[in-house]
Amino acid sequence: MEAALKAETTILSGKPIAERVLSTVRQETADLIAKTGVQPGIAVVIAGTDPASQLYVRSKGKRAIECGFKSVEHKLDETVSEEELMALLHTLNADPSIHGILVQLPLPSHINEARIIQEIDPAKDVDGFHLINVGKLTTGMTETAAIPCTPAGCMILIEEVIGKDLSGKSAVVIGRSNIVGKPMASLLLQANATVTIAHSRTKDLPSVCRQADILVAAVGRPEMVKANWIKPGAIVIDVGINRVANPPGSEKPHRIVGDVDFEDCKDVASAITPVPGGVGVMTIALLMANTLKAAKIAAGK
Ligand code: NDP
C-alpha cells in the first residue's frame with residue numbers, strides 16, 4: 001500500500017505579511033493626518049556603537065519615514081549616564097509630537113535597563129515593556145495596551161495559518177524572557193490555546209515540545225529544535241536570531257540561523273517560519289503599528 005502523501009509544508013515568510021501590515025499603517029496614517037492633523041512621531045534612542053543595534057535603529061527610522069511618520073533619532077555616547085538618559089526620556093515624554101519612544105537594547109552595562117524602561121510614559125512605550133503595558137496585556141486590557149512587537153508579529157503569522165481562535169490547540173513556548181517568551185504565552189492564552197512555557201530548567205524538552213500543535217522557539221540557541229521534537233503537522237514559529245560561523249573558505253564568514261533546525265524540521269511541520277525572513281521582518285512592522293495606535297489614542301481616535 002502506498003504511504004499517504006504528506007500535505008505541502010507552508011513556509012511562513014514574514015515579508016508579504018509584514019508588507020500588508022505596513023500598507024495598512026501607511027493608509028491609516030494618511031487618514032489620521034487628513035482628519036486630525038496629527039502625524040505619528042517616533043523617537044529612537046540608542047547609546048553606544050554596537051553595529052547590530054545601529055543597523056536596527058537605521059531600518060526602524062527608514063520604515064517610520066515610509067509610513068509617513070515623523071522620525072527622530074537620539075544617538076548617545078557609550079558613556080552616557082543614567083541621569084542623562086532619563087532626562088532625555090522625560091523631554092520626549094513631554095513632547096506632543098512624539099507618540100512612540102523606543103530605547104534600543106541592550107544598553108551599556110553601567111545602565112539599569114529595567115529602571116530606564118519604567119521612565120518611558122506607558123502611553124508612548126511602543127515596545128510594550130513598561131509594567132503598565134505588561135499588566136494590561138496579562139489582564140486582557142489589550143485595547144489600550146502596547147503589545148510587544150515580536151510576539152504580536154508571531155500571533156499574526158499563526159493567525160495566517162489557523163485563524164484567531166486557538167481553542168483546543170496546545171502551544172509550547174520555549175523561552176521565558178520578558179521581551180518574547182512571557183508576552184508570547186499571554187497572547188496565546190488569550191487566543192484560547194492551552195499554553196506551556198518551557199525554559200532551561202524544563203525536563204525532557206523534546207517530549208514537551210512534541211505535545212505542541214503550535215511551537216514557538218525563543219531561546220537564542222542555534223538550530224536547537226530538531227525534527228523529532230516536532231509533532232507532525234505542528235506550526236513552528238522560530239524567533240531565534242543567531243550568528244554562526246560558516247565553514248572556512250565560504251563566501252561569507254557568518255550566517256544567521258534560528259533556534260529551529262529548519263532543514264531538519266520543515267518536512268514534519270505543517271507550517272514553519274524561515275530565519276531570516278520570518279518573524280524578524282514582522283517585528284519592525286508591528287513597531288510601526290504600535291506607534292500609529294499610540295498616535296490615534298493621543299488624538300482621541
Ligand atoms: P533571552 O536570553 O532573554 O531568553 C532566552 C530563554 O531561553 C530563557 O528563558 C532561557 O531559559 C531559555 N533557554 C536558554 N537555553 C535553553 C535551553 N537549552 N533549553 C530551554 N530553554 C533555554 O532571549 P530573548 O527572549 O531576548 O531572545 C530569544 C531569541 O530570540 C534570541 O535568539 C534573540 O536574538 C531572538 N529575538 C528575535 C527577535 C526578532 O525580532 N525576531 C526579537 C527578540 C529576540 P532560562 O530563563 O531558564 O534561562
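These are my notebook entries on one predicted protein model.

**Entry 1: the whole chain**

I began with the overall build. I counted ten helices and eleven strands in the protein chain. Next I looked up the extent of the C-alpha trace, which spans about 70 × 45 × 35 Å along its principal axes.

How does the radius of gyration of the protein chain agree with that of a compact globule? With 301 residues, a compact globule would come out near 19 Å, and the chain has 20 Å, so the two agree.

I then checked how much is hidden from the outside. Buried residues make up 45% of the 301 residues. The accessible surface comes to about 14,900 Å², and carbon and sulfur atoms account for 56% of that surface.

I also looked at which parts of the sequence meet. Among contacts between residues at least 6 apart in sequence, 69% join residues at least 24 apart.

Charges came last in this entry. I noted 31 positive and 33 negative side chains, with the centres of the two sets 2 Å apart.

**Entry 2: two domains**

Which domains does the assignment give for the protein chain? I found domain 1 at residues 38–125 and domain 2 at residues 148–281. Their C-alpha centres lie 28 Å apart.

**Entry 3: helix α7**

I picked helix α7, residues 181–190, for a closer look. Why is it described as largely enclosed by the rest of the structure? Seven of its ten residues are buried, so the rest of the structure largely encloses this helix. I wrote down the buried ones: Gly-181, Pro-183, Met-184, Ala-185, Ser-186, Leu-187 and Leu-188.

What covers them? The cover includes two helices, α5 (131–139) and α6 (149–162), along with the strands β5 (170–174), β6 (194–198) and β7 (214–217). Just after α7 I came across Asn-192, which takes a positive phi of about 80°.

**Entry 4: three buried helix residues**

I started with Ala-285, which lies in helix α10 (residues 279–298). Its relative accessibility is 0%, and "buried" means under 20%, so Ala-285 counts as buried. Setting aside residues up to four places away in sequence, I saw Ala-285 touch Ala-18, Val-21 and Leu-22. I also looked up its separation from Gly-153: the two residues are 132 apart along the chain, yet their C-alpha atoms are separated by 8.0 Å.

Ala-64 was my next stop, in helix α2 (residues 51–66). Is Ala-64 buried or exposed? Ala-64 is buried, because its relative accessible area is 0%. Beyond its neighbours within four places in sequence, Ala-64 is in contact with Ile-42, Phe-69, Ser-71 and Met-288. Its C-alpha atom is 9.1 Å from that of Leu-287, although 223 residues separate the two along the chain.

Then I turned to Glu-82, in helix α3 (residues 82–94). I noted that Glu-82 is buried too, with a relative accessible area of 10%. Leaving out residues up to four places away, Glu-82 touches His-110, Ile-111, Asn-112, Arg-115 and Ile-116. Glu-113 is 31 residues from Glu-82 along the chain, and their C-alpha atoms are separated by 9.3 Å.

**Entry 5: unusual backbone angles**

I kept a reminder at the top of this page: most residues other than glycine have a negative phi, and most peptide bonds are trans. With that in mind, I went looking for exceptions.

Where are the cis peptide bonds I noted? One joins Leu-105 and Pro-106, with omega of about 0°. Pro-106 sits in the loop between β4 (100–103) and α4 (113–119). Another joins Val-275 and Pro-276, where omega is about -5°. I found Pro-276 in the loop between β11 (271–272) and α10.

For phi, I noted Asp-204, which has a positive value of about 50° although it is not a glycine. Asp-204 lies in the loop between β6 and α8 (205–209). Its relative accessibility is 44%, so Asp-204 counts as partly exposed.

Glu-223 went into the list as well: its phi is near 50°, a positive value in a residue other than glycine. I located Glu-223 in the loop between β7 and β8 (235–238). With a relative accessible area of 27%, Glu-223 is partly exposed.

Note on methods. Residues are numbered from 1 along each chain as its sequence is written. Side-chain values use heavy atoms; hydrogens and water are left out. Helices (H or I, at least four residues) and strands (E, at least two) are DSSP runs, numbered from the N terminus. The radius of gyration is taken over C-alpha atoms; the globule rule is 2.2 Å times the number of residues to the power 0.38. Buried means under 20% relative accessible area, exposed over 50%, partly exposed in between (1.4 Å probe, protein chains only). Contact means heavy atoms within 4.5 Å. Accessible areas come from the Shrake-Rupley method with a 1.4 Å probe; for residues, only the protein chains shown count as cover. Lys and Arg count as positive and Asp and Glu as negative; His and the chain ends are not counted. The place of a charge is taken as NZ of Lys, CZ of Arg, CG of Asp or CD of Glu. Domain bounds come from an automatic or database domain assignment.
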